[in-house]
Amino acid sequence: NEDKGEKTMLLILGKTCSGKDTFAKELDKLGYKPVISRTTRKKRNKDDNKYIFVSKEQAEKEKEKAIAYTEIDGNIYYILEEDLFSKDYYIIDYKGFLKLEESFPNYDFDIVYLSADEEERKEMFIRRGGTVEEFEKRNNAEKEQFKDFLALTQSNELANHNIRFLTFLDNNFENNFESFAKEVDNTLTWFENIGVIIDFMIEKDHLSVNS
């Protein structure tokens with residue numbers, strides 16, 4: 001609800017090559033607009049355009065005002081507040097989510113977590129132009145933080161985070177991502193509609209609000 005200063009953001013989490021980009025493309029077809037991260041990592045190939053690629057010097061200059069700042073395998077990933085304006089979803093890692101949540105306590109977050117077989121992910125990584133060594137370094141770095149994320153989802157601590165909606169998909173590389181994206185979209189639309197109805201009933205004194 002914009003009037004009350006509350007906003008929502010859909011976050012896509014998952015290890016490298018787990019299907020995040022494929023899912024995101026289906027969201028794009030539904031009219032969702034992505035947050036584009038800035039990174040110091042090099043392009044893997046000429047078609048690698050899912051980030052704003054910056055130098056380490058630029059990243060150092062923007063570091064103080066950076067949000068969702070994280071480092072993976074020596075590369076810096078971050079966004080600036082302006083990068084969030086009028087955007088609907090963000091592909092992010094767990095550390096980045098924690099920093100984003102800290103920076104924007106008035107946001108509610110909807111999370112889609114994608115998982116996939118490690119060998120399948122490695123093959124996909126290599127097909128995209130990466131090396132086995134690069135995959136192993138990145139995969140090892142991701143293992144710890146996503147272990148922490150999954151532990152959070154099974155703990156009572158989850159209630160202490162601004163997570164409105166959380167769903168999982170195990171990507172077997174035969175999934176219908178179009179159908180899954182529509183399911184997520186329908187659920188988020190339902191949340192929005194319920195919110196409007198509740199606000200209306202409170203405004204008309206059909207519902208009371210206590211502390």
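Helices (H or I, at least four residues) and strands (E, at least two) are DSSP runs, numbered from the N terminus. With that in hand, we can place C17 in the loop between β1 and α1. Keep in mind as you look around that this is a predicted model.

**The whole chain**

Let's start with the overall picture. The protein chain contains 6 helices and 9 strands. Its radius of gyration is 18 Å, close to the 17 Å that the globule rule gives for 211 residues, so the chain is as compact as a globular protein of that length. Measured out along the principal axes, the C-alpha trace spans about 60 × 45 × 35 Å.

How much of the chain counts as buried? Of the 211 residues, the buried share is 41%. On the outside, the protein chain exposes about 12,300 Å², and carbon and sulfur atoms supply 47% of that area. The chain carries 32 positive and 44 negative charges, and the mean positions of these two groups are 6 Å apart.

Contacts also tell us how the chain comes together. Take the contacts between residues at least 6 apart in sequence: 68% of them join residues at least 24 apart.

**Two nonpolar cores**

Now look inside. The largest nonpolar core has 22 residues, and those with the most contacts inside it are M9, L11, L13, I79, Y90 and L100. Which elements each supply at least two residues of this core? They are the strands β1 (7–14), β5 (66–72) and β8 (107–116), together with the helices α3 (94–103) and α5 (132–153). The largest share, 4 residues, comes from β8.

There is also a second, separate core of 16 residues, which includes L10, L27, L114 and F165.

M9 is a good residue to click on. Leaving out residues up to four places away in sequence, M9 touches V35, L84, K87, D88, Y89, Y90, Y107, D108, F109 and D110.

**Four buried residues**

The table gathers four residues for you to find in the model.

| Residue | Where it lies | Relative accessibility |
|---|---|---|
| C17 | loop between β1 and α1 | 4% |
| A24 | helix α1 (residues 20–29) | 5% |
| A68 | strand β5 | 4% |
| T167 | strand β9 (residues 163–171) | 19% |

Why does T167 count as buried? Its relative accessibility is 19%, and buried means under 20% relative accessible area. Not counting residues up to four places away in sequence, T167 touches I111, V112, Y113, F180 and V184.

A24 is buried too, with a relative accessible area of 5%. Its contacts, again leaving out residues up to four places away in sequence, are I12, Y89 and I91. A24 also shows how folding can bring distant parts of a sequence together: A24 and A181 are 157 residues apart in sequence, and 8.3 Å apart in space, C-alpha to C-alpha.

**Two backbone angles to check**

Finally, have a look at the backbone of C17 and A68. What is the phi of C17 near? It is near 65 degrees, a positive value in a residue other than glycine. A68 also has a positive phi, of about 55 degrees, although A68 is not a glycine. C17 sits in a loop, whereas A68 lies in strand β5.

Conventions: Residues are numbered from 1 along each chain as its sequence is written. This is a predicted model: local features need pLDDT of at least 70, side-chain atom pairs count only at pLDDT 80 or more; totals for chains, interfaces and linings use all residues. Side-chain values use heavy atoms; hydrogens and water are left out. Buried means under 20% relative accessible area, exposed over 50%, partly exposed in between (1.4 Å probe, protein chains only). Contact means heavy atoms within 4.5 Å. The radius of gyration is taken over C-alpha atoms; the globule rule is 2.2 Å times the number of residues to the power 0.38. Accessible areas come from the Shrake-Rupley method with a 1.4 Å probe; for residues, only the protein chains shown count as cover. Lys and Arg count as positive and Asp and Glu as negative; His and the chain ends are not counted. The place of a charge is taken as NZ of Lys, CZ of Arg, CG of Asp or CD of Glu. A nonpolar core is a set of buried Ala, Val, Leu, Ile, Met, Phe, Trp, Tyr and Cys residues joined through side-chain atoms within 4.5 Å.
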